[in-house]
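Open the model in your viewer and keep the selection tool at hand. We will go from stop to stop.

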There are 2 protein chains.
Amino acid sequence: MPELASREEMEARLTAAVAAVEPLDEAARAAAEAELAAKTKPRGSLGRLEALAAQVAAVRGSGRPGRLRAAIVVAAADHGVAAEGISAYPREVTAQMVANYAGGGAAVSVLARRCGARLLVVDAGVGGEYSAASVRRLGLGAGTANLARGPAMGEAEALRAILAGVELAQELAGEGIGVVALGEMGIGNTTAASALAAALLDVDPRAVTGPGTGLDAAGVVRKVEVVRRALSVNRPRLDDPLSTLAALGGFEIATLSGLAIAAAAKRLVVVLDGFISAAAALVAARLAPAVSRHLVAAHLSPEPGHRLVLDELGLDPLLELGLRLGEGSGAALALPLIDAALAILDEMATFGEAGVTDAGR
Amino acid sequence: MPELASREEMEARLTAAVAAVEPLDEAARAAAEAELAAKTKPRGSLGRLEALAAQVAAVRGSGRPGRLRAAIVVAAADHGVAAEGISAYPREVTAQMVANYAGGGAAVSVLARRCGARLLVVDAGVGGEYSAASVRRLGLGAGTANLARGPAMGEAEALRAILAGVELAQELAGEGIGVVALGEMGIGNTTAASALAAALLDVDPRAVTGPGTGLDAAGVVRKVEVVRRALSVNRPRLDDPLSTLAALGGFEIATLSGLAIAAAAKRLVVVLDGFISAAAALVAARLAPAVSRHLVAAHLSPEPGHRLVLDELGLDPLLELGLRLGEGSGAALALPLIDAALAILDEMATFGEAGVTDAGR
């Protein structure tokens, strides 16, 4: 267990983390764009790959960021709201999957290996038992309370989870990681994400509530009612991003919010996965608006709230493959695109170097 | 120069190549689907990645195809129709880019390196001079005639180019390649592809003619008129896929058509790049309909004919990133997705293996 800081100390740390997020380096973006325009291809013909390379240049503060090492953080936690029967899977699966991530058998484990990313499995509040020495245990608790009956967390708990994420980002940056992907796991956490999205976007729960890992239509109707109840029960608490996160979020969501803020402050590229990671990023962007410019949306899932949250963040997803697994799997699939974009910037010949006639188009 | 075969010999070889394309192995597909259903994730939650893995299993004839080696073939040729001013770039750029591919400075060179694919640069009929020992020279000629004034090739020339592609596929299969991506280069070749698409789909040239590497609106109007003229001048010749290819195609397009047919016959996965490679695949599918089941559409470009051709082939592109470079660059970006799909099939743990509760969803 980490030493407990006072509420004031924690708020000061969060304020410092938020203040450390700087605007993007537009000179670096322009340098990358000029470099890309000189490469042996029609101007702009690599489409979004070029925009991605230029964004990464602006995030990193270098016109030629070179090859970046990537990490995928899978933050897992349990959710009291699972008691409402809003998931197709029982709560015990959270701990089982944490062991599976660490053991190398989960989708994100496989995909991280294939794309050469470091996989960091984080226990942000898993209730069940598991045995896996490589899992980073944040000591935040054993899961949230049932958000359909009251606040999921106290604000101090949410702050602690955010700051744990801040520390993780600082650690990854210190190890030379340049790209961090946000993965999550937690039976019940699409319900938390839907509640957060409904509150933060001020939309009806139906617009942002879907089948998650596999509810049928009746299950989705029940889930919408649970989200509606959560909003109603917690209404007096929803007066700022932190209190909203505490009331409706989860430990892994809070951890990822803090991770996104501090990763942006350290000039890391932050890659979102599905709906839940996007909800975490939305909380981060409400706490620190400049964070959104550091984000890359890996993919669009069929979960109905996903596009609404990405729209609010101003993000256009790279992939649309019907992925709805979470755990960072979609983000892992986008990492080779980021790698490719940077390779284009770094390794392609210019018209001059290759002796190719430039039509200037 | 290869020894010239008689027309009859060439037709017999093409007939044999077409006959060698077998239906997919549906038992292998079912085995892969069953395997995927047992993996530690909600059923179907990896979306198109799962469908892709199952398709590759069916193509390869194995429920677990394992990791596949990939090659990207960039076939280049010149086009007489370039004299009509339908490209933003001068004809000399074809030869210059061939040297650039071989020299490692082009986009596809960079992307092939990053994804570990073999890059095979093929001169299918480049008129200009270049110096690059690694380029495979097929000895088919120095480019096509102007298709706006008569047939681009004689039918015997088109047959020779197809059969050169057949031989390339057989060679790659013999080297243990499991996935082949179709790339192309040739100043003027979107015009040839538009003419082919208009003829084979029986649509107005406007529906399948776009800016290519960067024509302005007036240029596109001129290009549509050139395609219209090509269809009119060659109308009497357009009575089967081979004669249509000869009249309106190009040497690189014909080579890629043959490559697609023989690759399918050798149970290779055939990855399309942009509009021109799709037009080549459409010719292949008209000659050998079973080919289309072996195809994977890497991406959708903004070129208007691309989606129409993919629709006709029954293909849904994996990526939509605004890519309009050709040369296999988009296909190279999809290769990691195929690799990821196969890794999921090969390496993920099942519910039983990982001790994860299966909700059966």
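**Stop 1: two helices in chain A**

This is a predicted model. Select residues 251-265 of chain A, helix H10, and residues 275-287 of chain A, helix H11. Their axes lie 8 Å apart and make an angle of about 55°. That makes H10(A) oblique to H11(A), because angles of 65 to 115 degrees would count as roughly perpendicular and those under 35 as roughly parallel. The crossing of H10(A) and H11(A) is right-handed.

Now show the side chains. Which residues of H10(A) meet H11(A)? Select A:Ile253, A:Leu256, A:Ser257, A:Ala260 and A:Ile261. Across from them, in H11(A), are A:Ile276, A:Ala280, A:Val283, A:Ala284 and A:Leu287. By class, this contact of H10(A) with H11(A) has 9 nonpolar residues, 1 polar and no charged ones.

**Stop 2: the sheet in chain B**

Move to chain B and colour the strands. An open sheet of 6 strands appears, in the order S3-S2-S1-S4-S5-S6, with parallel pairing. Where are the edges of the sheet? Select strand S3 (136-137) and strand S6 (295-297) of chain B; each pairs on one side only.

Next, pick S4 (residues 177-185) and S5 (residues 269-272) of chain B. They run parallel and are joined by 3 bridges. Click B:Val179, which stands opposite B:Val269 in S5(B).

Add helix H10 of chain B, residues 251-265. H10(B) lies across S1 (69-77), S2 (118-125), S4 and S5 of chain B. The helix runs at about 170° to S4(B).

**Stop 3: another helix pair**

Stay in chain B. Select helix H7 (residues 189-201) and helix H8 (residues 217-234) of chain B. Their axes come within 9 Å and cross at roughly 55°. H7(B) and H8(B) are therefore oblique to each other. Their crossing is right-handed.

Show the side chains in contact. H7(B) brings B:Thr190, B:Thr191, B:Ser194, B:Ala195, B:Ala198 and B:Ala199. H8(B) brings B:Lys223, B:Val226, B:Val227 and B:Leu231. By class, the contact of H7(B) with H8(B) has 6 nonpolar, 3 polar and 1 charged residues.

**Stop 4: both chains together**

Zoom out to show chains A and B. A turn of 180° with a shift of 0.0 Å along the axis lays chain B on chain A, with an RMSD of 0.0 Å. That is the relation of a two-fold axis. Which C-alpha of chain B is nearest the axis? Select B:Leu319: its C-alpha is 3.2 Å from the axis.

Finally, select the interface. 100% of the interface residues of chain B are also interface residues in chain A, so the copies meet through the same surface.

Notes. Residues are numbered from 1 along each chain as its sequence is written. Chains are lettered from A and ligands numbered from 1 in the order in which they are written. This is a predicted model: local features need pLDDT of at least 70, side-chain atom pairs count only at pLDDT 80 or more; totals for chains, interfaces and linings use all residues. Side-chain values use heavy atoms; hydrogens and water are left out. Axes are lines fitted to C-alpha atoms, for helices over the stretch in contact, and angles run from 0 to 180 degrees between N-to-C directions. Helices (H or I, at least four residues) and strands (E, at least two) are DSSP runs, numbered from the N terminus. Angles under 35 degrees count as roughly parallel, over 145 as roughly antiparallel, 65 to 115 as roughly perpendicular and the rest as oblique. A crossing is left-handed if the near helix is turned anticlockwise from the far one by less than a right angle, and right-handed if clockwise. Contact means heavy atoms within 4.5 Å. Ala, Val, Leu, Ile, Met, Phe, Trp, Tyr, Cys and Pro count as nonpolar, Asp, Glu, Lys and Arg as charged, and the others, Gly among them, as polar. Copies are superposed by least squares on the C-alpha atoms of residues with pLDDT of at least 70 in both. Two strands pair if DSSP finds at least two bridges between them.
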